[in-house]
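User: Hey, I'm new to this one. Could you walk me through it once it's on screen?
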Amino acid sequence: MNERNVGGEMLKVENISLSFGIMKVLDDISFDIKQGEIRSIIGPNGAGKSSMLNVINGFYHPQQGSITFKGETRKQMAPHVAASHGIARTFQNIALFKGMSTLDNIMTGRNLKMKTNLFWQALHIGPARAEELENREAAERIIDFLDIQAIRKKPVGKLPYGLQKRVELGRALAAEPELLLLDEPMAGMNSEEKEDMCRFVLDVNSEFGTTIALIEHDMGVVMDLSDRVLVLDYGKQLADGLPDEVRNNQDVIDAYLGIPHEQA
Amino acid sequence: MLFFIEVALSGLMAGVMYSLVALGFVLIFKASGIFNFAQGVMALFAALTLVGLMEKFGMPIWLAIIGTIAVMVALAWAIERFMLRPLVNQEPIILFMATIGLAYVLEGMGDILWGSDVKLLDIGIPQGASDWMLDSFNIYIEKLEIFAAGTAAVMVTFLAIFFQKTRIGRALRAVADDHQAALSVGISLHTIWVIVWSVAGIVALVAGIMWGSKSGVQFSLSLIALKALPVLILGGFTSVPGAIIGGMIIGVGEKVAEVYLGPIVGGAIENWFAYMLALAFLLFRPQGLFGERIIERV
Amino acid sequence: MIYRETGQFKANYQDDQALFPIAQDRYVVLAVLLVTFAIVPLLLNQYWLNAILLPFLIYALAALGLNILTGYCGQLSLGTGAFMAVGAFSVFKLMTVIPELGFIPLVILSGLITAAVGTLFGLPSLRIKGFYLAVATLAAQFFLIWLFNKVGWFFNYNATGMITSPPMTLFGVIITGPSADPVAKYYLVAGFVAVFALFAKNIARGRIGRNWMAIRDMDIAAELIGVRPLIAKLSAFAVSSFYIGMAGALYFAVWLGSAEPTEAFDINQSFLVLFMIIIGGLGSVLGSFLGAAFMVMMPILLKNIMVDGLGTDAALAAHIEIITVGVLIIGFLIVEPHGLARLWRIAKEKMRLWPFPH
Amino acid sequence: MEHDTALDTFPKLLQSHVKLRPDQDAIREKALGIWQSWSWAEAATEIRTLACGLASLGLKRGDKLAIIGDNRPRLYWGMTAAQALGAVPVPLYQDAVADEMAYVLDNADVKIALVEDQEQVDKMLEVRDRCPLVEHIIFDDTRGLLHYEQDFLHDYEKIQQAGVEFDHDHPDFYEQEVSAGSGDEISIMLYTSGTTGNPKGVMLSNDNVIITARNGIIREDLTSKEEVLAYLPMAWVGDNLFSYAQSYVAGFCVSCPEDATTVAHDLREIGPTYYFAPPRVYENMLTQVMIRMEDAARIKRDIFNYFMQHARKVGVKILNREPVSLKDSLLYKLGNILVYGPLKDVLGLRRTRLAYTAGEAIGPEIFDFYRSLGINIKQLYGQTECMVFICVQPDGEVFADTVGTPAIDVEIKIDDNGEIMYRSPGVFQSYYKNPESTASTKTADGWVYTGDAGYFDDNNGHLKIIDRAKDVGKLNDGTLFAPKYIENKLKFFSFVKEAVVYGNERDFSTAFINIDLDAVGNWAERRNMAYSGYIDLAGQDEVYQLIKECIDKVNQDLSRDSRLGNSQIRRFLVLHKELDADDGELTRTRKVRRNFVGDRYDILIDALYSDRNQCHVETQVTFEDGRTGMLEADIKIWDAAVYPVNSMTQDAAA
């Protein structure tokens, strides 16, 4: 893959522990994500990967630990705050707005970029209209980037799975995030779709310089894409390092041999 | 003090009656996820039928009751066949709307069949104050209310057993969780729904009898359904004990407020007080009385 | 079949995002407006205007309001009747206190007051969802109606507890009270509905509308991309109540002339409007109109058929009527749960693709 | 429409439009969801800056500028910009693989390449060492190219910048260069993907292109108001004539689709008044129509069929302005409201005044289908060597099996061995760096061998093509054997995608058939036949029966033609794979390479001429991603029905 321009620390997670009632989901997790890198989080099902993302963008509130994002340290933050600070994400099970078109989904992704008040919107003139048109163009750039022109005005509910995943990525990109969290972006895709998605992830990273944290089961993909890999297992931090280091880490191998079906 | 206890007690009794109606809601919601707005009207309809059978056909009480039960079962069957089956897999709000439609139909039918004038319902439930309570504790309680409380208690135990012990009961609980499970028990969804609605119908009949004997059988009876709704917020749509306890809380709270708060604000607060009570409660415990916290996953 | 879209290409986003991008649609809308404002008043008599068109238009406005809340934002409410009452009583008080402001501003003002009340009763939506919320909104229904019954200040302490709209004029024409001219009333209401239907459509297709729908379709995802549930839901309650409030104001001041809370605004009003948007189509402005038309006309039609047609006696007819209404509603939900608007959309798609099926 | 002969180059034409219609749209592109438009004035400025930019890179009179990519305004501007400098634009097929490109780039001595995107850039880089003359590569779409450091790669906008500065430093440069241009200068170089051997660079002068374009415009009286969709490869002469030359001469606007996947949709949005497509496009369109109508509701389908039947009866007559009974014309009007109008509208052809088809013969029923709808679709016969026009069908004289009468200023003769020759103002100067081919194609007095065999139809005097001259052979019994002619008849059936017929110097004709997966697949599904894929479907007896019926019809048809009657197909088989350009079985323009296929499947041919009724075959195939693999199958061989030749009827083959 083309040469990387990885910068300083963007996000630092320190001693995060999260539990629901007696169920301990995350146990003292600490790691960091550097500006401009692609960071993978892997691990068997139920390892707490998604929960980790949920903590990062403020949907879950950990009992212990702190998160430092762009220098600001927080114990927790409201999701919309995280969003407005430049954290966007996609979801393991597609969470698109089924009732809306591809374009509207992506436009919704830009809601933080739009400010005009109810009054102007009701009249749909002046600032409201101008704003709508500007953002439409921005949305169109994303549609073009993801090559989904053909489904621009189709309701997303009826789209094939692979495309829905793409639209969801588009919705996340629409927010022009600095940190993009991808929760199994290639789950349930055929090899061709996976290839496209990899392409897009890399392009996002190199074209927009977006920092990416992704959860993925396909080891091949992970090894190709990531600069560094974090391995979780039953809420515990198993390993953290370069793809090759992780690949050869004994604990990781054991953990995976435990559940070989998780490979690829 | 004594007065307060008296108020509280009678509130408790009234609450039991709410519980009876709420029970009907819960049964159906539990088994089919349908918010059956017609429950109140079903009570009215049942009571009307009962009275009708007794007056128009001069049936003895026991026969009339059996007859009414038969009617309610037939009704349940018709509802399943002509309303639920075609609407299977529709969004909850659609089914909710349908039950409102059903309420209209039942109301109209009741009026046409049995006339819309107020009727007295006397199936020999003892009326008047309970002398024993009056003598021993010097507290005034309607015999009817005690009787109602008793019946409610019996109902609940019966239902509890029905749910826990019988095969059908277990099937019903399974349906609540997921439909496939129910089929695996070997009972078709349709049968299950007919049963649930029949049971709800019978519960409605009991509620109808109680309220009917208390304040006569008339349209306003169908409004007791609205009284039962706050109970549901409190107890949760799916919890039988919730319905019972919730009913009592509402009953007591309402009576107390009616007596102590009512005069200050000019009375007639029973229409809304229960709701305010439930709302206030929700602010502190959104998941209701017996619901446990839901962890949302994404 | 009618559609001819070849060559209708868009060279800028303005045109592409126009309300009605397809020329044929624009013609239809213009035709409808023409009929509404130029032809109807000439052709139709008092009865039609008063008994059918006025209620239809006013309910359409209310349905629009509820549709914003329930259809677009996904929050089920059973308090419509009460919010209409708020509008009605607000306008009544305003008409008696500051009539000099003029009727239209007063109606809008009462809308705003209702919006405030609605927002207040929308607060529970932040903690509870679905039917729990629906039941919670009933609190508004019962509490407010009780309030208007009990507190004399609202009905200026008159003995009956009724409110009666004093005559007010617009451009010198009497538009409220018994002596008002039906045509003038019709123009007033039609104007209101037309303008605010347009506003509703604009809001729905803009940022705010999209945020509402996002909350409706997938509230968690919406929150995680920066939509604030608090603002989205409460704004929906506010806008919705604003519309319903104005509808209530017109309903009382222009149509009924006088009203008594427990009858005019009871829970059945709430259900009636809810039916309108379900049958018309959730999340559709057009649907609000179709639903209102359906629910207003059907009973009248039934009555005419039975009483005038078959000579059924009134009481029995009334019973048969509500049964039929009930049956029709159930039947309708079975046939097309997504409402008339969906039917229309499908028909339109077919027309656009004709002769192809898809 | 004015024809100022002083306007003998494209830059000059451009300037005249800037004067005549500065604000009228010159070109459009669907991008970011809307039709971005450039008026003639705006286009002129774009072109001026680009030309100056190219000059600053050292592009000079006579140099070659390669243009590679989908139809994009900037690429079209690249052509004019080059022409403004007296340089020669050389458009290449954007879907060609790197090697194919390498040959052309090298052969054409390309100096600068203007390409669309990363895909093309990568191909260029791959073969750069093989074409040392290429000095610069300019790319339009920067996507994915940010991290390419090579100093000979330039962003289009950077070049524009350079252009602006250059223009500023040499204010008169552009005008001088433009006025220096002349009619006899080479206007463009188009490579013909010959069915055999390497592609040849056809050099056409400004006069060749502009006069031919103008003649076409005069003959069909096109105006500056036409709407055209530019969706066919820029490297192909047709696109160059219809979407470039004629646009500049007539001054009408050309629109570029958003993306290959949206062409159909964009076609409907633009609604071209003047449309061009090779037969296969019309074929696919019709197949799509039929497939989609299959799913229509009963009543609708009946309405459709009823009126289409009526259209077949009178539609063509009405289009040809022949008299029809009042009832028929009224019924047709009704049909126009219910079916024809809407159908044309959804296809995007409602506003189409004139539609051309060429390249190869088109199926009669396909042809009549569109004509009966009232779309004036006409066949023309043309070649790259003369900027397309040789023959065009005159309005009202349109027959499925002829290509019409000579175009304006075109002379035609048939030489002794039946080969068609022509002479016209459009005749090319020569093949680039290829005198011998030039000599063998073009006589001293300007006559060009078409390589096609044909004759003027005795009834209507229209030219009728039967086959490639070199392909026309003889059966052992001496009967004329015109494989292409037969193949086309077969391909007229929607079930047959490709057909390859053999028989030269043999006792009888045989055929390889490629079924059309869409059409046959759909046909199979309606009979709920299970099939796992192409191979499986192709092997089924029902399918063989279906194909046999098609072949029988063709044989019956042939039997009526005294010259070709004996070349009826006796035996045939359905191939186990689709013929594919990636396997070299088709040319890039999807023409069958008969001999190549013949060599590749020689076992099958032997089998066809033996008495075996099955044959095992193993084939190497190339997948989309470039990997290769083996494909095995047992292929059935069936006999077709043969009909007695009726020598009485003369050959107006229906």
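User: How many residues of domain 1 of chain D are in contact with domain 2 of chain D, and how many on the other side?
Analyst: 21 residues of domain 1 touch 20 residues of domain 2 in chain D. Contact here requires C-beta atoms, placed from the backbone, to lie within 7 Å. Bear in mind that this is a predicted model, where local features need pLDDT of at least 70, side-chain atom pairs count only at pLDDT 80 or more, and totals for chains, interfaces and linings use all residues. Residues are numbered from 1 along each chain as its sequence is written, while chains are lettered from A and ligands numbered from 1 in the order in which they are written.

User: Which elements of domain 1 supply that side?
Analyst: S8 (186–192), S9 (200–205), H8 (206–219) and H9 (237–250) of chain D each supply at least two residues. H8(D) has the largest share, seven residues. Helices (H or I, at least four residues) and strands (E, at least two) are DSSP runs, numbered from the N terminus.

User: And by class, what's on that side of domain 1?
Analyst: Ten nonpolar, nine polar and two charged residues. Ala, Val, Leu, Ile, Met, Phe, Trp, Tyr, Cys and Pro count as nonpolar, Asp, Glu, Lys and Arg as charged, and the others, Gly among them, as polar.

User: Staying in chain D, at what angle do H4 and H5 cross?
Analyst: Roughly 70°, with the axes of H4(D) (98–107) and H5(D) (118–127) coming within 9 Å. Axes are lines fitted to C-alpha atoms, for helices over the stretch in contact, with angles from 0 to 180 degrees between N-to-C directions. H4(D) and H5(D) are therefore roughly perpendicular, a word used for 65 to 115 degrees.

User: Which residues meet there?
Analyst: D:Ala98, D:Met101 and D:Ala102 from H4(D) meet D:Lys123, D:Glu126 and D:Val127 from H5(D). That contact has four nonpolar, no polar and two charged residues.

User: Switching to whole chains, which pair has the most contacts?
Analyst: Chains B and C, among the five pairs that touch. Chain B gives 38 residues and chain C gives 31.

User: What does the chain B side look like by element and class?
Analyst: H4 (92–114), H10 (224–235) and H13 (270–284) of chain B each give two or more residues. H4(B) gives the most, 14 residues. By class, the chain B side has 30 nonpolar, five polar and three charged residues.

User: How far apart are the nearest C-alpha atoms of chains B and D?
Analyst: 24 Å, and chains B and D do not touch.

Note on methods
Parallel < 35°, antiparallel > 145°, perpendicular 65-115°, else oblique. Contact = placed C-beta atoms within 7 Å.
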